[in-house]
Amino acid sequence: MKALWIGSRETQPPRAVMELTGSVFEECDTARDPWDGFCRLKTCSYDVLLATVPIAGWSAEGLLEQAQSANRSVPVVFQHQEPTIAEVVRLTKLGAHAVLGPGPTAEELAAVVESLARPRQAAGGAWRERLVGDSEGMQRVADVVALVGPRKSTVLITGETGTGKEMVARAIHQASPRAHLPMVAVNCSALPENLLEAELFGHVKGAFTGAMQQRAGRFEQAHGSTIFLDEVGEIPLETQAKLLRVLQEREFQRLGSGETIKVDVRVIAATNVDLVQRIRQGKFREDLYYRLNVVPIQVPPLRERPRDIPLLVRHFIEKVCRQEEVPLRRVTSETLDRLMRYEWPGNVRQLENAVEMAVALSGESLTLYPGDFRLPVASRPPDDVRPATPYVALPDDGLDFEHTVNTIERDILEQALSKTGGNKSQAAEMLRLKRTTLAAKLKSLAMTPERWSAAHAQ
């Protein structure tokens with residue numbers, strides 16, 4: 001377990017932390033400036049954040065908010081020098097995992113750390129590591145994977161190109177009892193129409209020109225395991241009919257053979273096209289669609305989960321630096337801000353390529369700056385620069401600026417609270433605001449809980 005301790009220049013890590021480093025903590029980094037700690041949270045992988053408070057210029061609440069903004073997936077444990085019951089209760093409600101008093105023993109800290117490990121083990125183990133991100137969209141994907149993984153149900157994964165559909169498929173396979181065998185993957189769009197059937201179902205010698213010997217197909221190779229059919233929407237209609245039979249009867253015939261082969265295969269399919277539209281166009285069988293779409297999983301595009309970008313950047317930096325055998329790179333906060341604002345038309349795959357290029361272009365530098373990420377202009381301009389109808393038409397005789405701005409601001413806040421059921425933390429995240437900033441705006445606009453409830457009811 002890797003830990004990060006945050007304190008001040010005047011404090012040292014608690015003795016309990018030092019005693020556990022090398023045993024419970026494989027490694028413990030220290031940051032005597034909170035901002036340095038937050039930067040590390042964004043760019044390095046940690047299992048727990050330990051913070052000694054109070055720190056001059058920082059409240060424990062403010063430090064917790066900044067830590068969660070930097071990386072919400074890292075649990076925070078406070079060692080509080082002057083704890084009160086009210087303070088402990090408030091910090092715990094705000095999301096702190098634990099609040100320890102001054103001078104905790106190694107046994108007390110070890111017990112807290114052990115409580116962190118249990119939920120992670122219960123959350124699904126190794127397969128969860130494939131699904132990088134803790135946004136609401138990725139959590140929904142992980143919830144479905146956890147439920148469907150142990151089953152035999154056929155799964156259809158949809159999403160734009162580059163969103164990570166194959167990673168989701170591999171997570172499902174890894175969460176299943178079939179994980180001891182390799183998953184067999186087939187890119188259905190990469191094979192010519194006349195070869196796809198032979199690739200899927202195999203062939204006997206002489207079945208077609210060039211078939212010099214008998215060959216087992218991918219379904220046969222996947223017996224007892226999982227087959228992943230990527231870009232399933234590109235399968236020709238004739239082959240779709242044979243695929244339907246496999247899904248219905250779990251049997252098929254090699255090309256050129258009359259022998260029926262039975263298989264035990266779990267099928268996971270993926271597509272980036274609208275199969276319902278393909279059905280209307282006569283290019284995809286409706287009965288096959290319903291056989292594939294037993295359990296649907298929609299993978300959200302990267303632009304809809306910007307809070308996952310720091311986690312993905314850290315993941316890809318570690319992966320690239322490990323492969324290239326170079327020192328680990330760090331990323332400035334300005335760089336992360338730019339990456340989070342970019343639209344990512346190529347999704348996670350484009351981000352991974354961008355990180356690999358940035359590491360390559362950074363030379364001997366251990367820090368990645370905005371200029372290291374040479375991002376092409378998005379295919380469509382961001383919302384904030386796209387021509388649009390003005391929000392407010394300015395009358396010839398003018399208007400009351402403060403009243404108009406407050407009205408617009410109040411309407412936006414009401415919409416956010418309505419969409420989140422009155423949850424201020426979620427509303428703040430939706431509006432890219434700090435929770436304290438949102439609370440101040442609600443207070444300045446005299447928006448009472450009754451008004452939030454009314455907005456939600458509408």
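Here is a chat about how the helices and cores of this predicted model pack.

Colleague: Before we start, what kind of model is this, and what pLDDT do local features need?
Modeller: Residues are numbered from 1 along each chain as its sequence is written, and side-chain values use heavy atoms, leaving out hydrogens and water. Totals for chains, interfaces and linings use all residues, side-chain atom pairs count only at pLDDT 80 or more, and this is a predicted model whose local features need pLDDT of at least 70.

Colleague: Which element gives the largest share of the largest nonpolar core?
Modeller: A nonpolar core is a set of buried Ala, Val, Leu, Ile, Met, Phe, Trp, Tyr and Cys residues joined through side-chain atoms within 4.5 Å, where buried means under 20% relative accessible area (1.4 Å probe, protein chains only). The core has 28 residues, and β7, α9, β10, α11, β13 and α13 each supply at least two. Helices (H or I, at least four residues) and strands (E, at least two) are DSSP runs numbered from the N terminus. The largest share, 4 residues, comes from α11.

Colleague: Which residues of α11 does Phe219 touch?
Modeller: Phe219 is among the residues that touch the most other core members. Its partners, not counting residues up to four places away in sequence, include Ile227, Leu229 and Val267. From α11's side of the contact with α9, Phe219 touches Leu243 and Val246.

Colleague: How do α9 and α11 lie relative to each other?
Modeller: Their axes, lines fitted to C-alpha atoms over the stretch in contact, come within 10 Å and cross at roughly 15 degrees, on a scale from 0 to 180 degrees between N-to-C directions. Glu197, Leu200 and Phe201 of α9 meet Thr239, Lys242, Leu243 and Val246 of α11, contact meaning heavy atoms within 4.5 Å. Angles under 35 degrees count as roughly parallel, so α9 and α11 are roughly parallel.

Colleague: And how is α14 set against α15?
Modeller: The axes of α14 (309-324) and α15 (333-341) come within 10 Å and cross at roughly 115 degrees. Ile309, Pro310 and Val313 of α14 touch Leu336, Leu339 and Met340 of α15. With 65 to 115 degrees as the range, that makes α14 and α15 roughly perpendicular.

Colleague: How many residues of α3 are buried?
Modeller: Helix α3 spans residues 60-70, and its buried residues pack against β1, α2, β3, β4, α4 and α19. Among them are Leu63, Leu64 and Glu65. The helix is largely enclosed by the rest of the structure, because the buried count is 8 of the 11.

Terms used
Buried < 20%, exposed > 50% of the residue type's maximum accessible area, 1.4 Å probe, protein only. Parallel < 35°, antiparallel > 145°, perpendicular 65-115°, else oblique.
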